[in-house]
Amino acid sequence: MSATAPALKIREPSYINAAYTAKSWLLTTDHKRIGLLYMVAITFFFFVGGLAATVVRLELLTPQGDLVLPETYNKLFTVHGVIMVFFFLIPSIPTTLGNFLVPIMIGARDMAFPRLNLASWYIFMVGALFAIVALIGGGVDTGWTFYTPYSTGFSNTQVIPMAIGILIAGFSSIFTGLNIIITVHKMRAPGMTWFRLPLFIWSMYATSLIMVLATPVLAMTLVLIAVERTFHVGIFDPALGGDPLLFQHLFWFYSHPAVYIMILPGMAVVSELITCFSRKPIFGYKFIAFSSIAIAVFGFLVWGHHMFVSGQSIYSSLIFSSISFAVAIPSAIKVFNWTATLYKGSISWDTPMLYALGFIGLFTIGGLTGLFLATLPVDVHVTDTYFVVAHFHYIMVGSAVLAYLGGIHFWWPKISGRMYPEWWGKVSAITIFLGFNLTFFPQFIAGYQGMPRRYYAYAPEYQVMNVLSTAGASILAIGYVLPLIYLIWSMREGEVASDNPWGATGLEWQTESPPPTFNFAETPIVTAEPYQYNPDGTFTPQTTLSVRQIKKEVAA
Amino acid sequence: MLGLPIMPDSASTLSGSVDTLFLVLVLLALLFAVPVAGLIIYFAVKYRRGAAVNRSNAPIENFKLEVTWMVIPLILSMGVFGWGARLYFDMFTTPKDGMDIYVLGRQWMWEFKYPTGQRELNVLHVPVGRNVRLTLISEDVIHSFYVPAFRIKHDVLPGRYTTAWFQATKPGTYHLFCAEYCGTEHSGMLGSVIVLEQKDYQAWLDQNRMNTGGVIAENTSPGTQTAVTAPTQTMAQAGAQTFQHLGCYVCHRPDGKGAGPSLVGVYGKPVQLANQQVVLADTNYIRDSIIDPNAQIVADYPPIMPTYAEQISEDDLLKLVEYIKSLGSGTEAPPEMINPTGGMPQPGGSSGNQGSGAQDSGAQGSTNGDSGGSDSSGNGNSGTQGSGGQ
Amino acid sequence: MTELHSTSVGPPVAHHFEDFEQEHEANMLGMWAFLATEVLFFGAVFVAFYIYRSAYADIFKEASRHLYMSIGAINTVVLLTSSLTVALAVHAGEHKARRLMVGLMVATLVLGLAFLGFKAFEYYLDYQEHLVPAFNFAWEGANPAQTQLFFVFYFIMTLVHALHMIIGISVLARMIWQARRGSYDQDSTAVELFGLYWHFVDIVWIFLFPTLYLLRQ
């Protein structure tokens with residue numbers, strides 16, 4: 001194992017120990033602390049959304065509606081969708097791991113705009129507050145898609161506070177994306193060329209492009225919804241000259257790219273994990289890097305595939321369908337390259353790697369079933385059924401959440417300075433993988449059999465699949481609670497982590513665990529490509545030098 | 001399809017093709033997923049840390065391989081796209097011949113209206129082996145008409161007609177679901193489609209024929225018990241009444257000499273607008289012209305028609321549409337009309353009575369128009385029904 | 001987080017930047033990225049407007065004739081002039097001419113307020129004519145629903161634009177205060193960033209004016 005430069009490490013207080021007051025956390029501009037603030041917030045929302053899903057699954061155990069009222073059920077799946085999409089998945093990796101890692105990985109002392117970064121968190125929390133007010137005030141029953149004219153003219157629930165909450169949280173997302181873009185462009189350490197960037201950075205950069213360019217469209221759409229609902233003027237209301245399909249176009253112009261906001265960061269994490277735990281350089285670095293950008297760009301051109309049966313022109317449908325097939329290619333490139341990376345590696349089955357391998361499997365299923373939905377006549381049959389529900393859960397939960405958890409475990413020693421308990425880690429990874437498949441695979445079948453989504457009661461022939469699904473969900477719930485418990489436990493009781501417990505090459509591993517407030521004692525100089533792993537366990541870190549050392553040498 | 005228990009009933013001319021395409025997709029998916037999963041497991045085991053295997057000369061890039069695994073999926077996916085596109089075209093191209101049924105969606109029920117005047121709630125009776133063309137509209141929010149066994153689904157929009165069609169191939173009772181979330185009782189917005197053999201269908205029609213006179217008949221035909229409102233008049237006749245009631249006839253005289261254009265034979269034909277555009281007079285055109293008359297102004301006529309948006313229900317609109325369709329069109333076969341009154345000697349008579357009685361000075365033209373429509377319905381293009389009813 | 005550290009050349013730099021040039025470039029790129037967001041934000045409502053405009057061309061043209069083109073035109077001139085003054089202020093800032101810069105910033109502020117004043121007066125006239133949807137909209141002519149749709153978009157678009165003006169003017173007022181105290185003598189990046197923002201708000205109006213007022217023939 002190569003030695004890391006001692007000059008990069010001067011034992012100064014870590015970012016955690018720099019100060020202990022509540023104020024030092026709530027007014028911090030340290031990207032690492034802000035990342036943790038986000039982590040606390042979204043973990044809370046994950047369990048709120050999960051609780052709603054639990055009741056939904058219990059209701060669906062029997063065909064009759066017997067547990068809650070239909071109004072309640074509709075609010076539950078809406079809460080589940082809104083919270084999980086806007087307050088967990090979209091911020092999940094970019095605001096936590098992204099915030100924590102992007103500056104360190106490129107050798108910067110902080111994000112380009114630290115105060116804006118803190119402001120983003122507060123904006124997010126204000127948005128979250130509106131969402132909570134909407135929930136306490138009676139909830140929302142429109143589904144997370146807010147389709148008009150139901151949302152503007154018919155629903156009697158708290159649509160406006162919820163829309164405002166999402167709008168505000170959207171600005172947080174925009175500012176986070178903006179911060180990451182500028183940081184990657186302008187804050188890279190000397191020697192960190194574009195093609196020396198870890199693939200995590202490439203994917204986060206692509207994600208940020210989407211955040212900055214798609215979210216404002218959602219913001220304006222929600223403004224229009226709120227105006228229409230408040231003043232009873234017909235922007236999308238056909239009775240007043242409006243067009244409900246225009247809402248769907250605007251909504252999906254954001255919300256389809258938003259799916260890539262959720263999955264690209266997952267791909268970002270997995271690229272790091274696969275190569276580290278295979279002790280091999282990533283296979284096809286440039287193809288993976290550019291496929292992230294390709295996904296971001298093509299992702300803007302496929303929104304109409306949500307509308308194949310909506311009454312849009314069939315020629316539009318043809319175009320959207322063909323581009324939707326094309327967007328699968330960069331995703332396939334990633335899967336093939338990850339698989340090829342394993343070849344002749346030295347593969348360890350640590351918890352993060354189990355999550356990463358699980359991710360590839362579930363993402364493959366999610367992606368391929370996406371092609372079913374891109375196929376026009378098949379989509380006509382399965383859209384708005386449980387087939388779609390299963391498909392996007394394979395992407396947004398099976399893939400994105402697994403990657404998030406894998407990333408949390410991988411970087412936990414860096415974040416907390418402690419190791420998580422490996423045995424419990426493996427147990428929870430396997431539990432989640434099995435529970436997930438049992439929950440969602442039967443939904444593909446129920447969907448093809450014709451069970452529509454958002455159904456409170458359903459025809460008896462779908463019960464078998466729903467019982468399987470609910471059984472799986474209980475296993476999944478256990479799998480999610482386990483890491484919450486043992487990770488919190490490990491913060492005090494876990495084994496103290498070394499600076500680079502995985503023997504990884506990235507800059508974040510060349511500083512201390514946990515890192516000091518400004519990440520590096522001195523600005524590092526990047527001297528190597530990423531992922532210079534050898535199967536015998538040795539590796540070449542991306543930096544062994546600092547700027548000051550060079551200056552000293554030059555002076556000498 | 002192939003007897004797989006997980007597949008739903010397959011009961012339309014399209015459902016087999018959709019299933020075939022679906023199964024091909026399943027095979028293609030397995031073709032990718034199985035090798036990927038297999039390789040991951042194989043590599044993860046074979047190259048596990050500590051295993052004594054040859055790890056030398058591990059490749060880290062291979063341009064040809066990258067291009068290969070870009071191009072092959074691209075070609076395959078474009079093939080699937082082309083196949084799907086063709087089938088989608090068939091799904092969304094309404095056939096020229098077939099019977100029309102109008103579908104009204106509202107929170108939370110389905111209403112079906114037959115041109116012959118019958119009206120059903122939540123149950124749709126159709127004959128096997130005939131194209132059924134649906135014109136769908138919602139009275140409130142967006143719904144979606146979904147019959148899994150037919151593999152068709154189409155959103156039902158407020159303010160705009162959409163169309164769908166199917167041809168059932170197997171008698172039986174099938175689920176009808178609302179597939180677009182529409183509020184509290186979304187999952188209760190259910191119905192069934194009862195597909196009958198041609199002769200059973202005819203029997204069902206006979207049971208609910210017009211001369212039973214507007215009572216709710218308990219129907220005991222195959223399938224569930226359903227309430228059918230038996231008609232006193234066809235939709236076109238009802239439309240003619242509405243036409244008279246709203247005073248449309250004052251301007252839209254059949255001879256074209258009124259303040260508005262004649263509507264005889266307008267359906268299905270191109271219309272020259274004042275702004276040089278030419279539009280096709282389809283159902284949506286007729287609807288828009290009543291709701292929003294000044295958006296599309298017919299050339300050579302003044303824009304003086306007021307909107308009827310406030311005065312007319314979706315139900316009446318459908319009747320007017322059906323009436324205007326019944327006035328015939330030069331280019332395509334007029335809408336298929338089951339001769340509802342069976343052996344009534346003057347098919348033009350009943351509708352003509354109402355129509356011409358109202359249209360004082362235009363009586364001559366009106367009779368022409370009406371009989372034009374009725375004549376063609378008597379021409380036997382509705383074959384089975386017409387003869388079966390005798 | 002306002003600790004600054006000085007580097008060998010140039011003005012003090014925030015702790016996480018290497019040098020002034022890096023900080024300046026990051027700030028400029030940040031503003032450009034923000035404006036890209038803004039383009040999409042306004043883009044959404046423009047797209048919606050143009051879709052309806054093509055669907056109801058004649059109705060929208062008729063509705064447009066009820067707007068006060070003269071006030072719109074005056075406001076266009078006012079805003080274009082303010083763009084000139086802000087550009088000159090940025091230029092003066094780069095050349096360390098504090099007094100001139102402050103003077104030009106004040107001129108920009110006055111022009112911005114003038115724009116809002118004219119706009120408010122125009123809204124008042126619209127109100128008098130019963131053209132404000134949801135408050136007193138009344139339309140004698142044909143197609144009131146679609147006409148109202150035009151005015152809904154007119155108000156949303158101009159109000160969102162006016163909101164951007166108000167934010168700009170508030171920031172500018174604070175910056176004038178700072179500038180008088182010499183805060184931008186060493187580093188006028190903030191003035192430059194404000195200039196970009198102000199030009200953008202101006203350009204939005206350059207699109208709004210023909211979209212709403214001129215496309216009536």
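How many residues of chain C are in contact with chain A, and how many of chain A with chain C? In this predicted model, 28 residues of chain C meet 32 residues of chain A.

**First stop: chain C against chain A.** Select helix 1 (20-55) and helix 5 (144-180) of chain C, the elements that give two or more residues to the side of chain C that touches chain A. Helix 1 of chain C gives the most, with 16 residues. By class, this side of chain C holds 19 nonpolar, seven polar and two charged residues.

**Second stop: within chain C.** Keep helix 1 of chain C selected and add helix 6 (residues 189-214) of chain C; their axes lie 10 Å apart and the packing angle is about 15°. Because angles under 35 degrees count as roughly parallel, helix 1 and helix 6 of chain C are roughly parallel to each other. Their crossing is right-handed. Residues to display at this contact include Phe42(C), Phe46(C) and Phe49(C) from helix 1 of chain C, and Leu193(C), Leu196(C) and Phe200(C) from helix 6 of chain C. The contact comprises ten nonpolar residues, four polar and one charged; Glu38(C) of helix 1 is among its members.

**Third stop: chain A against chain B.** Select both chains: 68 residues of chain A and 65 residues of chain B form the contact. On the side of chain A that touches chain B, elements giving two or more residues include helix 3 (70-105), helix 11 (351-374) and helix 14 (422-448) of chain A. Helix 10 of chain A supplies the largest share of that side, 14 residues. Colouring this side of chain A by class separates 44 nonpolar, 19 polar and five charged residues.

Conventions:
Residues are numbered from 1 along each chain as its sequence is written. Chains are lettered from A and ligands numbered from 1 in the order in which they are written. This is a predicted model: local features need pLDDT of at least 70, side-chain atom pairs count only at pLDDT 80 or more; totals for chains, interfaces and linings use all residues. Two residues are in contact if their C-beta atoms, placed from the backbone, lie within 7 Å. Helices (H or I, at least four residues) and strands (E, at least two) are DSSP runs, numbered from the N terminus. Ala, Val, Leu, Ile, Met, Phe, Trp, Tyr, Cys and Pro count as nonpolar, Asp, Glu, Lys and Arg as charged, and the others, Gly among them, as polar. Axes are lines fitted to C-alpha atoms, for helices over the stretch in contact, and angles run from 0 to 180 degrees between N-to-C directions. Angles under 35 degrees count as roughly parallel, over 145 as roughly antiparallel, 65 to 115 as roughly perpendicular and the rest as oblique. A crossing is left-handed if the near helix is turned anticlockwise from the far one by less than a right angle, and right-handed if clockwise.
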